[in-house]
Amino acid sequence: MAVHAHPDDESSKGAATTARYADEGARVMVVTLTGGERGDILNPAMDLPEVHGRMSEIRRDEMAKAAEILGVEHHWLGFVDSGLPEGDPLPPLPEGCLGVVPLEEAVEALVRVVRKFKPHVMTTYDENGGYPHPDHIRCHQVAVGAYEAAADHRMYPDAGEPWNVLKLYYNHGFLRRRMLLLQEEFAKHGKQGPFEKWLKHWDVHEDPFDNRVTTRVECSKYFAQRDDALRAHATQIDPAGDFFAAPIEWQQRLWPTEEFELARSRVPVRLPETDLFAGIEGRE
């Protein structure tokens, strides 16, 4: 079960891994906490009046297409996008959005899904949300809360029979070393890579995300599938943007994995890992 804040997050974070496990026969579910109603239109070709007026409907259609491409099941948790507040000081979050509803309400909603689907593994974001969007931080809190509560018969007794999720991971796809390798590959081919603006703001001696990685899943076979799923979110992704600048052949050769951090485990583990299901009896 991959728990995400908005539609499109499932296609930009760990998508090739979910596609791999689905292709290998595992049941894989993506849970999206909000509808992405307050998301900006990031693809100039979709910046049209008729799109602005139908964002909720369009993003649901985009999510359905992406789930089909990845081969995963999908569940909307039903909360409202908080939007990304801007300003100094920041304005309050909108009334009724995910960021302001009681945490227990969102945790209970996810516990119901967990106890029904019965995943062995969950993935979500770290305590910083991957980046500090209020819904991403809240997604971390909800997923960790549901991981703990789903196994406890005293918590939410009307939400189904308790279920032990065996492992919980955080996604860590935004890695300096990966970006640097691809940027250098552009230079070798006499091209200007798209990642210089990112790298110059990164301490050359520090990659806090890479330092937390415990698990690298080989999934290069599914990079094209990942990109197709991402393009399905046409309002959010510019097909001419940085996401698609590096040829897939380079990515498969230079960095054929997706990265995760094992945050909780109820089974014995040996780190580092190459499989999210490592240590789970019956995986073979």
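## Rings, charges and a pocket

Let's start with Tyr 169, which is buried, with a relative accessible area of 0%. Keep in mind that we're working with a predicted model.

**Exercise 1.** Work out how the rings of Tyr 21 and Phe 277 are arranged, and where in the chain each residue sits.

*Solution.*
- Start with the tally: there are five aromatic pairs in the structure.
- For Tyr 21 and Phe 277, the ring centres are 5.0 Å apart and the planes meet at 85°, so this pair is edge-to-face. The cut-off that matters here is an angle over 60 degrees.
- Now place them: Tyr 21 belongs to helix α2 (residues 15-23), while Phe 277 is in the segment after β7 (257-265), so 256 residues separate these distant parts of the chain.
- Check the accessibility: Tyr 21 comes out at 3%, so Tyr 21 is buried. Phe 277 has a relative accessible area of 16%, which also makes Phe 277 buried, given that the limit is under 20%.

**Exercise 2.** Do the same for Tyr 169 and Phe 260: find the geometry of the pair.

*Solution.*
- Tyr 169 and Phe 260 make an edge-to-face pair, with 6.3 Å from centre to centre and 75° between the planes.
- Distant parts of the chain are linked here: Tyr 169 lies in strand β5 (residues 167-171) and Phe 260 in strand β7, 91 residues apart.
- We already have Tyr 169 as buried at 0%. Phe 260 has a relative accessible area of 2%, so Phe 260 is buried.

**Exercise 3.** Find the rings that have the charged end of Arg 226 and the side chain of Arg 266 over them.

*Solution.*
- Arg 226 puts its charged end over the ring of Phe 223, 4.4 Å from the ring centre.
- Arg 266 lies over the face of Tyr 147, 4.2 Å from the centre of that ring.

**Exercise 4.** Describe the second largest pocket: its volume and its lining.

*Solution.*
- The volume of the second largest pocket is about 390 Å³.
- Its lining has 24 residues, and those nearest the centre are Met 1, Ala 26, Arg 27, Val 121 and Phe 277. Yes, that's the Phe 277 that pairs with Tyr 21.
- By element, α2 and β4 (121-124) each supply at least two residues of this lining.
- By type, the lining splits into 13 nonpolar, seven polar and four charged residues.

**Exercise 5.** Take three salt bridges, those of Arg 54, Arg 154 and Arg 216, and find the partner and the accessibility of each residue.

*Solution.*
- The whole structure holds 19 salt bridges.
- Arg 54 bridges to Glu 57, with the closest N and O atoms 3.1 Å apart. Arg 54, at 37%, is partly exposed, and Glu 57, at 45% relative accessibility, counts as partly exposed.
- Arg 154 bridges to Asp 152, with 3.0 Å between the closest N and O atoms. Arg 154 is exposed at 64%, whereas Asp 152 counts as buried at 18%.
- Arg 216 bridges to Glu 259, the closest N and O atoms being 3.3 Å apart. This pair joins distant parts of the chain: Arg 216 is in strand β6 (residues 215-218) and Glu 259 in strand β7, 43 residues apart. Arg 216 counts as partly exposed at 28%, and Glu 259 is buried at 4%.

**Exercise 6.** Which residues are joined into one network by salt bridges that share partners?

*Solution.*
- Asp 126, Glu 127, Arg 212 and Glu 261 form that network.

Key. Residues numbered from 1 in each chain as written. Predicted model: local features only at pLDDT ≥ 70, side-chain atom pairs only at ≥ 80, totals over all residues. Heavy atoms only, no water. Phe/Tyr/Trp six-rings, centres within 6.5 Å; stacked < 30°, edge-to-face > 60°. Helix = DSSP H or I, 4+ residues; strand = E, 2+ residues; numbered from the N terminus. Buried < 20%, exposed > 50% of the residue type's maximum accessible area, 1.4 Å probe, protein only. Lys NZ or Arg CZ within 6 Å of the ring centre and 35° of its normal. 1 Å grid on protein atoms, 1.4 Å probe; cavity = no way out; pocket = protein on both sides within 12 Å on 5 of 7 lines; lining within 4 Å. Points joined across faces, edges and corners; volume = space filled by probe spheres on them. Nonpolar A, V, L, I, M, F, W, Y, C, P; charged D, E, K, R; others polar. Salt bridge = Lys/Arg side-chain N within 4 Å of Asp/Glu carboxyl O.
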